[in-house]
Amino acid sequence: MAINIIMDTDPGIDDAAALTMAINDPQINLKLVTAVAGNVTVDKTTANALKIVHFFGKDQEIPVAAGAKQPLIKPFEDAARIHGESGMPGYDFGTDYGKPIQKSAVEALRDEIMASDEPITLVPTGSYTNIALLFTEYPEVKDRIKEIIAMGGTLAKGNMTSAAEFNVFTDPHAAKIMYDSGIPIVMVGLDVTLKALLTPATMDKLGTMGRTGKMLQALVTHYNDGDENGHPMHDVNTIFYLLHPEAMTTEEMWVDVQTEGPAMGETVGDIRGAYHDGKTNAKVCVDIDAAAFNKWFLEEVAAIKD
């Protein structure tokens, strides 16, 4: 039976790749996509989500809702320097890709979660503002969520500051609300995503793999993240974990989120279990089979019938 998921996202190039996998893998039933301000402004992230859904002809099956325009408290700071001004440069998706539904992201999330026959898995790959607003306004949804597989955070060096990863840094107050929610969380952070690079060999093969491969190759070629060893597909790791958790090493611990000062946005893991009476609130991914990730990525694209 397919896994029912909702993606809350801020496309972004790696988000676009994650959506590609979630839309097309038969093991996944993507029920809803909600957009949030993050990599670029929310009008652009919403448009980009619509473009990917339309690219695969799923306009009538997968609704897209627009969400938060800014973080809960701190000023908004995007990542256009990494993802380009549009968020998804390099490929012409045209202009006829539809519009988001009338409901706000929070309302759409509430309605979809409460109407589901089975608990939903949430997969946030941008800042967690929509998620925090959902839990604050409609706490009853928590009992209807199976788990949260969230891209973000790090136990080591950040990519936004020396301490903080981008998604958490963008809205640390929302991240704290999410981690304090009591819902099982899998933290898919830089500890694994910086190891699972799309290699140059994988990139070369993408260009030979039909319409989808060419689209992804074009986007990733314009991705200002990576080096001669490859490009990190941060958000795609959430879908990889969802389908192949055995390919990642995880450790259960309590994760605190810093919301002020020079360490704002840092995810602090209680790795010794010394400060929370043995309690944990997250399963943190700490290692990954990078070769298996590349193999799976190409297999996913190859299976898409363009």
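Here is a short tour of a predicted model, one selection at a time.

**Stop 1: the annotated span.** Start by selecting residues 5-294, which UniProt lists, in an unreviewed entry, as "domain: Inosine/uridine-preferring nucleoside hydrolase". Helix makes up 34% of this span and strand 19%, and its end C-alpha atoms sit 23 Å apart.

**Stop 2: strand E4.** Now pick residues 120-124, which form strand E4. Five of the five residues are buried, so the strand is largely enclosed by the rest of the structure. Turn on side chains: Ile120, Leu122 and Pro124 point one way, while Thr121 and Val123 point the other. That fits the usual pattern, since side chains in a regular strand alternate between the two faces of the sheet.

**Stop 3: the neighbors of E4.** Add strand E1, residues 3-9, which pairs with E4 in the parallel sense over four bridges. Look for methionine 7, whose bridge partner in E4 is valine 123. Next, show strand E5 (residues 145-151), which runs parallel to E4 and is joined to it by three bridges. Here threonine 121 stands opposite glutamate 147 of E5. Bring in helix H5, residues 129-137, and you have a right-handed β-α-β unit made of E4, H5 and E5.

**Stop 4: helix H1.** Select H1, residues 13-24. Its 12 residues should span 16 Å at 1.5 Å a residue, and the end C-alpha atoms are 17 Å apart, which agrees. How many of its residues are buried? The count is 11 of the 12, so H1 is largely enclosed by the rest of the structure. Among the buried ones are Asp14, Asp15 and Thr20, along with Ile13, Leu19 and Met21.

**Stop 5: helix H10.** Move on to residues 210-221, where the expected span of 16 Å matches the 16 Å between the end C-alpha atoms. Color Thr212, Gly213, Met215, Leu216, Ala218, Leu219 and Val220, which are buried. What do the buried residues of H10 pack against? Their partners are H1, helix H2 (42-55), helix H9 (200-206), strand E8 (231-232) and helix H12 (290-302).

**Stop 6: the cores.** The largest nonpolar core has 57 residues, and Ile239 and Phe297 have the most contacts inside it. H1 gives the most to this core, with eight residues. Apart from it lies another core of 34 residues, including Ile131, Met187, Val255 and Val286. To finish, center on isoleucine 239: among the residues it touches are Met7, Val123, Ala18, Met21, Ala22 and Trp296. Met7 and Val123 are the bridge partners from Stop 3.

Methods:
Residues numbered from 1 in each chain as written. Predicted model: local features only at pLDDT ≥ 70, side-chain atom pairs only at ≥ 80, totals over all residues. Heavy atoms only, no water. UniProt positions renumbered as here; feature names shortened; annotations may be inferred. Helix = DSSP H or I, 4+ residues; strand = E, 2+ residues; numbered from the N terminus. Buried < 20%, exposed > 50% of the residue type's maximum accessible area, 1.4 Å probe, protein only. Pairing = 2+ DSSP bridges. Right-handed = clockwise from strand over helix to strand, strands pointing away. Expected span 1.5 Å × (residues − 1). Contact = heavy atoms within 4.5 Å. Core = buried A, V, L, I, M, F, W, Y, C linked by side-chain atoms within 4.5 Å. Lists of a residue's contacts leave out its neighbours within four places in sequence.
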